[in-house]
Amino acid sequence: MNLNHLNLTVPNVSTARSFFEKHFNFKCIDVKGDNLLVVLNDSNGFIFTLMSETFNKNGVSTYPQNFHFGFILNSKDEVNNLYKQLKEDGIHLEHEPSKIRNSFGFYFYFDNLFIEIGHYMTE
């Protein structure tokens, strides 16, 4: 069984959509209202929904401390390349990629989302 759908509330759906399309190769397959909700998917069939705070029943888009999701890449080079791309695009990155437990990667915030980028090592 695989996790194949995630719905997140974000402050600006249009900005988040562009971010995930540009840096993570998602493709928008549906837009509801005036960017109240967008449905993205990737080449593996993962459905990623981004929902506006105003579309959220309580208008809240905060997550518990340390709540995050991650993208697992195939190599350290891919991690380093994505880090460089994000940095060049003006994304605030506090720490360069490094060894984290049994992975090589980094964490960062985009809007209210805490995101992990990593490559899991087999050593």
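Which residue takes a positive phi in the hairpin of strand 6 and strand 7? In this predicted model, the residue is R101, with a phi near 50°, and the hairpin has two residues between its strands. The hairpin belongs to an open sheet of four strands, in the order 5-8-7-6, with mixed pairing. Strand 5 (69-72) and strand 6 (98-100) stand at the edges of this sheet; each has a single partner strand, so one side of each is left without a neighbour in the sheet. From one strand to the next, the twist averages 45°.

The pairings in this sheet can be taken in turn. Strand 5 and strand 8 (residues 113-120) run parallel and are joined by four bridges. Within this pair, I72 stands opposite G118 of strand 8. Strand 8 also pairs with strand 7, in the antiparallel sense, over eight bridges. Here F104 has H119 in strand 8 as its bridge partner. Strand 7 and strand 8 form a hairpin with two residues between them, and D111 in the turn has a positive phi of about 55°. On the other side of the hairpin described at the start, strand 6 and strand 7 run antiparallel and are joined by three bridges. I100 has S103 in strand 7 as its bridge partner. Strand 7 is mostly covered, with six of its eight residues buried.Two helices are placed against the sheet in which I72 of strand 5 stands opposite G118 of strand 8. Helix 1 (residues 13-24) packs on this sheet and touches strand 5, strand 7 (103-110) and strand 8, and its direction makes about 160° with that of strand 7. Helix 2 (residues 76-88) also packs on the sheet, where it touches strand 7 and strand 8. The direction of helix 2 makes about 25° with that of strand 7.

Another open sheet is formed by four strands in the order 1-4-3-2, again with mixed pairing. Its edge strands are strand 1 and strand 2 (27-32), each of which pairs on one side only. The twist averages 20° from one strand to the next. Strand 3 (residues 37-41) and strand 4 (residues 47-52) run antiparallel, joined by five bridges. In this pair, F48 of strand 4 is the bridge partner of L40. Helix 1 packs on this sheet too, touching strand 1, strand 2, strand 3 and strand 4. The direction of helix 1 makes about 155° with that of strand 4.

One residue of this sheet may be taken as an example. T9 lies in strand 1 (residues 5-10). The relative accessibility of T9 is 8%, and T9 therefore counts as buried, the cut-off being under 20%. T9 and M51 are 42 residues apart in sequence, but their C-alpha atoms are 4.6 Å apart in space.

The largest pocket has a volume of about 590 Å³. It is lined by 23 residues, and the closest to its centre are F24, F26, D42, N44 and F71. By type, the lining consists of eleven nonpolar, nine polar and three charged residues. Helix 1, strand 5 and helix 2 each supply at least two residues of this lining. Strand 5 gives the most, with four residues.

How values were computed. Residues are numbered from 1 along each chain as its sequence is written. This is a predicted model: local features need pLDDT of at least 70, side-chain atom pairs count only at pLDDT 80 or more; totals for chains, interfaces and linings use all residues. Side-chain values use heavy atoms; hydrogens and water are left out. Two strands pair if DSSP finds at least two bridges between them. Axes are lines fitted to C-alpha atoms, for helices over the stretch in contact, and angles run from 0 to 180 degrees between N-to-C directions. Contact means heavy atoms within 4.5 Å. On a 1 Å grid over the protein atoms alone, a cavity is a set of points where a 1.4 Å probe fits but cannot get out, and a pocket is an open set with protein on both sides within 12 Å along at least five of seven lines; lining residues have an atom within 4 Å of a point. Grid points are joined across faces, edges and corners, and a volume is the space filled by probe spheres set on the points. Ala, Val, Leu, Ile, Met, Phe, Trp, Tyr, Cys and Pro count as nonpolar, Asp, Glu, Lys and Arg as charged, and the others, Gly among them, as polar. Buried means under 20% relative accessible area, exposed over 50%, partly exposed in between (1.4 Å probe, protein chains only).
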